[in-house]
Amino acid sequence: MDFVFHLLFPLIIVLMLWAAYAIVRRTRERRTAWESGLTASARVVRAWVTVQMVNNVARRIQWHEYDFTTADGLAVRFKESGGPTSREPGDETRVYYAGDEPDKATASEPQPGKDMFGMVFGLGVLGVGVIIITKVMIQYW
């Protein structure tokens, strides 16, 4: 039982903190791409769906791989999850990218309010999880 409180719970806390960092990082990358004002026409190279089982419920995640050329003539290919299911290989779409990091582009339409709400909600859930696990660990010690 000591294993759970001395090794497993701290590992879970570290993973939750990493997830929080990843949420903030991707939100900043998308915001930077939207605010740069740089856009390009991209082609969908590949589309696929992954399935995650969460509490015996299948969760489908739509993925797309895009190929575009920046204004500087640099060819870029990137993958992004969460796109519309109607997008198929060969379709053309607009991508937003930052000039210094075109590989961090996004093909989703700018929705800064929705993006910020998602980040705050995710950080809130992870924060509550870290607090609960920390309290349980302290009570055990």
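In this predicted model, strands β2 and β3 form a hairpin. Five residues lie between the two strands. Gly-73 sits in the turn and has a positive phi of about 90 degrees. Strand β2 covers residues 57-69, and β3 covers residues 75-81. The two strands run antiparallel and are joined by seven bridges. Within this pairing, Glu-65 has Lys-79 of β3 as its bridge partner.

In a regular strand, side chains alternate between the two faces of the sheet. Strand β3 shows such an alternation. Val-76, Phe-78 and Glu-80 point to one face and are buried. Ala-75, Arg-77, Lys-79 and Ser-81 point to the other face and are not buried.

Gln-62 belongs to strand β2. Its relative accessibility is 12%, so Gln-62 counts as buried, the cut-off being under 20%. Beyond its neighbours within four places in sequence, Gln-62 is in contact with Ala-47, Trp-48 and Val-49, and also with Glu-80, Ser-81, Gly-82, Gly-83, Pro-84 and Thr-85. Of these contacts, Glu-80 is among the buried residues of β3.

Strand β1 spans residues 38-54 and includes Val-44. Val-44 has a relative accessible area of 0% and is therefore buried. Residues up to four places away in sequence aside, Val-44 touches His-64, Glu-65 and Tyr-66. It also touches Arg-87, Glu-88, Pro-89, Gly-90 and Asp-91. One of these contacts, Glu-65, is the residue bridged to Lys-79. Val-44 and Lys-79 are 35 residues apart along the chain, and their C-alpha atoms are separated by 9.8 Å.

How values were computed: Residues numbered from 1 in each chain as written. Predicted model: local features only at pLDDT ≥ 70, side-chain atom pairs only at ≥ 80, totals over all residues. Heavy atoms only, no water. Buried < 20%, exposed > 50% of the residue type's maximum accessible area, 1.4 Å probe, protein only. Helix = DSSP H or I, 4+ residues; strand = E, 2+ residues; numbered from the N terminus. Pairing = 2+ DSSP bridges. Contact = heavy atoms within 4.5 Å.
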